[in-house]
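Me: I would like to work through this structure with you, one question at a time. Please reason briefly before each answer.

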Amino acid sequence: MTTTTTRRRFVQLAACAAALLLAVAASGAAAQGVGSVITQAVFNSMLPNRDNSLCPARGFYTYDAFIAAANSFQAFGTSGGSAELIRRELAAFFGQTSHETTGGTRGSSDQFQWGYCFKEEINKATSPPYYGRGPIQLTGQSNYQAAGNALGLDLVGNPDLVSTNAVVSFKTAIWFWMTAQGNKPSCHDVILGRWTPSSADTAAGRVPGYGVITNIINGGIECGVGQNDANVDRIGYYKRYCDMLGAGYGSNLDCYNQRNFASSS
């Protein structure tokens with residue numbers, strides 16, 4: 001074999017090796033971060049009816065849209081410090097957003113299998129045109145303004161982006177999850193055990209746990225009023241996802257006895 005032939009063969013082998021490494025890197029990229037826990041198969045199992053013909057959001061909430069949105073928030077579902085806390089955060093996120101978008105019938109055997117059935121508020125009556133949209137049911141002009149500012153989008157001028165662009169829709173939900181507002185901590189910090197209640201929080205019965213996330217999201221209606229179906233639904237979804245992902249529930253799952261964050265104490 002001549003030197004020229006040897007050199008050519010070496011170059012070919014090197015090119016093949018480089019291509020293989022690139023292919024491996026590309027395939028591995030999808031499995032990094034959130035995608036290493038919430039795979040396509042897991043996503044489908046968690047939300048088995050999201051594309052059901054009975055669901056107005058069928059075809060909207062895709063796995064690829066979720067991953068694209070999640071990858072825009074580096075700490076989301078990746079920074080818990082332990083595998084269990086990372087899985088618990090994702091279970092909590094999907095637990096809350098599944099309740100917000102549920103098409104399930106309370107008390108039915110499949111009640112907690114109907115998350116992501118809706119992409120916008122049914123009657124569109126809350127703060128129109130800034131009624132609830134997307135996984136977290138983003139509501140109110142101030143939230144659309146803040147989310148739009150953070151994402152570099154005019155959501156005040158075009159609120160329908162949240163119900164017509166699935167990546168934007170997921171981004172608004174994750175933005176809300178990751179962002180502290182006023183006297184409310186972020187849902188992200190709460191579920192990872194990074195929130196320390198103030199004296200006012202303690203006086204109001206607001207304690208670390210999944211329940212205070214419900215308070216952050218909809219405390220004015222669901223918290224401090226004793227046991228209620230909405231809390232039960234949020235907890236049921238959360239427990240189902242924790243079981244699927246292999247995460248413990250933690251403590252303080254409800255907000256039955258918590259005053260909401262808008263209260264004076």
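Me: Which handedness does the disulfide of Cys223 and Cys255 have, given the torsion about the S-S bond?
Reply: In this predicted model, local features need pLDDT of at least 70 and side-chain atom pairs count only at pLDDT 80 or more, while totals for chains, interfaces and linings use all residues. Residues are numbered from 1 along each chain as its sequence is written, and side-chain values use heavy atoms, with hydrogens and water left out. A disulfide, meaning a pair of cysteine sulfur atoms within 2.5 Å, joins Cys223 to Cys255 with an S to S distance of 2.1 Å. The torsion about the S-S bond of Cys223 and Cys255 is about -80 degrees, so this disulfide is left-handed.

Me: Where in the chain do Cys223 and Cys255 lie, and how many residues apart are they?
Reply: Helices here are DSSP runs (H or I, at least four residues), as strands are (E, at least two), and both are numbered from the N terminus. Cys223 belongs to the loop between helix 10 and helix 11, whereas Cys255 sits in the segment after helix 11, and the pair thus links distant parts of the chain, 32 residues apart.

Me: Is Cys255 buried or exposed?
Reply: Buried means under 20% relative accessible area, exposed over 50%, and partly exposed in between, with a 1.4 Å probe and protein chains only. Its partner Cys223 counts as buried at 5% relative accessibility. With a relative accessible area of 0%, Cys255 is buried.

Me: How many disulfides does a search of the whole structure find, and what is the pairing of the bonded cysteines in sequence order?
Reply: Besides the pair already discussed, Cys55 and Cys117 form a disulfide with their sulfur atoms 2.1 Å apart. The torsion about the S-S bond of Cys55 and Cys117 is about -100 degrees, so that disulfide is left-handed. It links distant parts of the chain, with Cys55 in the loop between helix 2 and helix 3 (63–70) and Cys117 in the loop between helix 4 and helix 5 (141–151), 62 residues apart. The search of the whole structure finds two disulfides, and the pairing in sequence order is 1-2, 3-4.

Me: Why is helix 11 largely enclosed by the rest of the structure?
Reply: Helix 11 covers residues 229–245 and reaches 24 Å from its first C-alpha to its last, close to the 24 Å expected at 1.5 Å a residue, where the expected span is 1.5 Å times one less than the number of residues. Its buried residues include Arg234, Tyr237, Tyr241 and Cys242. The helix is largely enclosed because the buried residues number 12 of the 17.

Me: Which helices do the buried residues of helix 11 pack against?
Reply: Contact means heavy atoms within 4.5 Å. By that criterion, the buried residues of helix 11 pack against helix 2 (40–46), helix 4 (83–100), helix 8 (187–191) and helix 10 (210–222).

Me: Which residues does Glu100 touch, not counting residues up to four places away in sequence?
Reply: UniProt, in an unreviewed entry, places the feature "active site" at Glu100; UniProt positions are given in the numbering used here, feature names are shortened, and annotations may be inferred rather than shown by experiment. Glu100 is found in helix 4, and Gln96 lies in helix 4 too. Gln96 is buried, with a relative accessible area of 0%, and its contacts beyond four places in sequence include Ile217 and Arg234. With residues up to four places away set aside, Glu100 touches Pro135, Ile136, Gln137, Ile217 and Arg234.

Me: Which helix gives the most to the largest nonpolar core?
Reply: A nonpolar core is a set of buried Ala, Val, Leu, Ile, Met, Phe, Trp, Tyr and Cys residues joined through side-chain atoms within 4.5 Å. The largest has 62 residues, and those with the most contacts inside it are Ile38, Phe66, Phe76, Phe93 and Phe94. Helix 2, helix 3, helix 4, helix 5, helix 7 (166–178), helix 8, helix 10 and helix 11 each supply at least two residues of this core. The one that gives the most, with eight residues, is helix 7.

Me: How many helices and strands does the secondary structure of the protein come to?
Reply: Of the 265 residues of the protein, 43% count as buried. The secondary structure comes to 11 helices and zero strands.
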